[in-house]
Amino acid sequence: MEITKMLTLSTAHIEESTAQLLNNGEQSLILYPKGEYGWFIYIGDQEELEEKLENLPKELVSIIQLTLEQGCEWLCLDQDGEILEELPQFDW
């Protein structure tokens, strides 16, 4: 049986402009909208991400790196997700 880990964090950790980027599909990530409340983003492994990270907003790159450090293949950004003090927060 295969089980995949997912890190869930608040959308408060990304800027509104980054949210618009994710909504418009203007990036090279594999992602799925989570209704009106966020996104499921496939992270995969570091090698697959190298080129993609160069073109992403800085705060999203930090979150993706944390996701990798936690051994997760997926990132869920959700408006009700956990807020971590060590990450930047944006009010939008």
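Hi everyone, let's start on the surface, where E2, D45, E47, E48, E50, E51, E54 and E73 form a negative patch. A patch here takes residues with over 30% relative accessible area and no salt bridge, with like charges joined within 9 Å. Asp and Glu count as negative, and a charge is placed at CG of Asp or CD of Glu. Accessible areas come from the Shrake-Rupley method with a 1.4 Å probe.

A quick word on the source: this is a predicted model, where local features need pLDDT of at least 70 and side-chain atom pairs count only at pLDDT 80 or more, while totals for chains, interfaces and linings use all residues. Residues are numbered from 1 along each chain as its sequence is written, and side-chain values use heavy atoms, leaving out hydrogens and water.

Back to the patch: E48 sits in helix α2, residues 46–54. Helices are DSSP runs of H or I with at least four residues, and strands are E runs of at least two. E48 is partly exposed at 45% relative accessible area; buried means under 20%, exposed over 50%, and partly exposed in between.

Now, how many salt bridges does the structure hold? There is one, between the side chains of K34 and D78, at 2.1 Å from N to O. K34 is in the loop between β2 (30–33) and β3 (38–42), and D78 is in strand β4 (residues 74–78), 44 residues apart. The cut-off is a side-chain nitrogen of Lys or Arg within 4 Å of a carboxyl oxygen of Asp or Glu. K34 is partly exposed at 26%, whereas D78 is buried at 9%.

How values were computed:
Patch = residues over 30% accessible without salt bridge, like charges linked within 9 Å, V, L, I, M, F, W, Y side chains within 5 Å. Buried < 20%, exposed > 50% of the residue type's maximum accessible area, 1.4 Å probe, protein only.
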